Amino acid sequence: MELNMSTIKIAVIPGDGIGKEVIPVGMRALEAAGRKHGVEFEWTEFNWSCETYHQTGRMMPEDGIEQLSKFDAIYLGAVGFPGVPDHISLWGLLLPIRRAFDQYVNLRPVRLFEGVPCPLVGKQPGDIDFYVVRENVEGEYSSIGGIQYEGTEHEIVSQQSLFTRRGTDRIIKYAFDLAQSRAKKHLSSATKSNGIYHSMPYWDGRVAEIAQSYPEVNVDQFHIDILTANFVRMPEFFDVVVGSNLFGDILSDLGPACTGTIAIAPSANINPEKTFPSMFEPVHGSAPDIAGQGIANPLGTIWAGAMMMQHLGLPEMHDSLMQAMESVLREAEHLTPDMGGQANTLALGAAVVAAIEH
Ligand code: GGG
């Protein structure tokens with residue numbers, strides 16, 4: 001994938017619900033940072049969504065992956081629409097993209113910002129600052145299994161997880177590399193090897209073996225149940241947390257909830273080798289309960305845009321977006337209701353753009 005530094009080609013998939021409200025705000029923030037740093041965007045929008053599934057029976061066309069392969073990156077809002085089964089919403093778009101482009105790292109930072117009310121008593125900005133590294137293409141997110149004797153009292157459902165040596169090792173190594181690059185050099189591994197008989201002892205064994213190549217990194221492991229409790233009890237303990245697809249997904253909603261709002265959190269679906277486009281989205285979903293009200297928090301989407309810039313080798317763009325976000329939060333005059341304020345999506349987005357231009 002060759003990147004023409006001055007014009008970046010982005011595939012935009014706003015998706016459903018509040019995805020359609022936050023993505024345009026993210027685009028405006030990226031354009032503002034681009035004006036400052038001489039970077040232009042060529043946006044190509046795709047109306048692929050659960051709503052499209054309702055109308056056509058498909059979330060994206062048959063050649064959707066081929067179409068996306070021509071872009072430098074993908075900017076996604078959210079998927080999910082009342083009436084469309086949840087497994088369709090993921091398997092019709094999000095998961096095929098992650099898999100086709102081997103976006104095996106799902107990197108989700110968790111940070112407490114000055115200005116955002118924290119639900120955990122006594123925690124200050126700086127106390128919570130860690131990464132969840134989630135395996136993104138295998139594990140428990142699997143379509144292997146089936147149903148037999150359907151509709152009878154003998155109904156049997158099986159669902160199989162898949163942990164390959166290659167897939168397990170590469171995500172654990174990515175997490176170790178990240179931990180090694182950070183000041184605390186601390187890696188925590190999420191497991192459940194007391195209850196899950198095969199895959200989790202295997203995971204633990206791979207962590208232990210790979211740890212030998214990273215003598216500077218302090219490693220521990222927690223069963224997922226106590227790990228979730230510890231996120232709430234002592235979030236300052238964590239630095240980099242690595243987990244399987246399901247465990248990482250759960251932890252990366254809980255982490256930002258501990259910092260005041262899940263809506264601020266970004267999710268980078270990364271193909272580290274840059275052979276294929278990576279995809280950047282907010283952690284949150286389509287939130288049908290507030291869709292159409294114009295009150296969704298766009299900061300998860302803006303932060304995801306900043307991560308996209310970092311991934312594309314434009315750290316000054318990343319820093320401009322992050323500094324603007326931090327200053328708007330610190331002022332606390334344009335907070336959306338999820339952060340205790342009364343501003344709407346557009347007002348918060350405009351405040352970020354103004355801070356970039358300042
Ligand atoms: N922001 C994308 C979105 O709609 N996420 C909702 C969701 O359920 N994601 C599941 C996942 O990340 O695996």
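**Exercise 1. The annotated span**

Task: Describe the ends and the secondary structure of residues 9–352, and state what UniProt lists for this span.

Solution. The C-alpha atoms at the two ends of residues 9–352 lie 23 Å apart. The span is 40% helix and 19% strand. The UniProt record, an unreviewed entry, lists residues 9–352 as "domain: Isopropylmalate dehydrogenase-like". The model used here and below is predicted.

**Exercise 2. The whole chain**

Task: How compact is the protein chain for its 358 residues, and what share of the residues is buried?

Solution. Start with the elements: the protein chain has eleven helices and twelve strands. The radius of gyration is 20 Å, and the globule rule gives 21 Å for 358 residues; the two values are close, so the chain is as compact as a globular protein of that length. Along the principal axes, the C-alpha atoms fill a box of roughly 60 × 50 × 40 Å.

Next take burial. Of the 358 residues, 46% count as buried.

Last, take the contacts. Among those between residues at least 6 apart in sequence, 76% join residues at least 24 apart.

**Exercise 3. Two domains**

Task: Which residues belong to domain 1 and domain 2, and how many residues does each give to the contact?

Solution. The domain assignment places 1–103 + 277–358 in domain 1 and 129–258 in domain 2. The centres of the two domains, taken over C-alpha atoms, are 26 Å apart. Seven residues from domain 1 and seven residues from domain 2 make up the contact. On the domain 1 side, the touching residues are three nonpolar, one polar and three charged.

**Exercise 4. The shell around the ligand**

Task: Which residues surround the ligand, and which elements give two or more of them?

Solution. List the shell first: Leu76, Ala78, Val79, Gly80, Leu90, Asp249, Glu281, Pro282, His284, Gly285 and Ser286. Strand 3 (73–78) and strand 12 (278–282) are the elements that give two or more residues to this shell. Sorted by class, the shell has five nonpolar, four polar and two charged residues.

**Exercise 5. Two residues with positive phi**

Task: Where do Lys274 and Ala287 lie, and is each buried or partly exposed?

Solution. Begin with the background: most residues other than glycine have a negative phi.

Lys274 is not a glycine, yet has a positive phi of about 60 degrees. This lysine is found in the loop between strand 11 (266–270) and strand 12. Around Lys274 there are 14 other C-beta atoms within 10 Å, so Lys274 is partly exposed.

Ala287 also has a positive phi, near 45 degrees, and is a residue other than glycine. Its place is in the loop between strand 12 and helix 9 (299–311). With 22 other C-beta atoms within 10 Å, Ala287 is buried, the cut-off for burial being 20 or more.

**Exercise 6. Two buried helix residues**

Task: Why do Met308 and Val353 count as buried, and which residues does each touch?

Solution. Met308 is in helix 9. It counts as buried because 28 other C-beta atoms lie within 10 Å. Leaving out residues up to four places away in sequence, Met308 touches Ala73, Tyr75 and Phe280. Between Met308 and Glu281 the separation is 27 residues in sequence and 9.4 Å in space, C-alpha to C-alpha. Glu281 is one of the residues that surround the ligand.

Val353 lies in helix 11 (residues 345–357). It has 20 other C-beta atoms within 10 Å and is therefore buried. With residues up to four places away in sequence not counted, Val353 touches Arg28, Ala29 and Ala32. The C-alpha atoms of Val353 and Ala324 are separated by 7.6 Å, with these positions 29 residues apart along the chain counted as their distance apart.

**Exercise 7. A loop residue**

Task: Where does Asp127 lie, and which residues does Asp127 touch?

Solution. Asp127 is in the loop between strand 4 (105–111) and strand 5 (129–135). It has 15 C-beta neighbours inside 10 Å, so Asp127 counts as partly exposed. Residues up to four places away in sequence aside, Asp127 touches Leu112, Pro235 and Glu236. Glu209 is 82 residues from Asp127 along the chain, and their C-alpha atoms are separated by 30 Å.

Methods
Residues numbered from 1 in each chain as written. Predicted model: local features only at pLDDT ≥ 70, side-chain atom pairs only at ≥ 80, totals over all residues. Helix = DSSP H or I, 4+ residues; strand = E, 2+ residues; numbered from the N terminus. Rg over C-alpha atoms; globule rule 2.2 N^0.38 Å. Buried ≥ 20, exposed ≤ 12 C-beta atoms within 10 Å, placed from the backbone. Contact = placed C-beta atoms within 7 Å. Domains from an automatic or database assignment. Nonpolar A, V, L, I, M, F, W, Y, C, P; charged D, E, K, R; others polar. Near = placed C-beta within 6 Å. UniProt positions renumbered as here; feature names shortened; annotations may be inferred.
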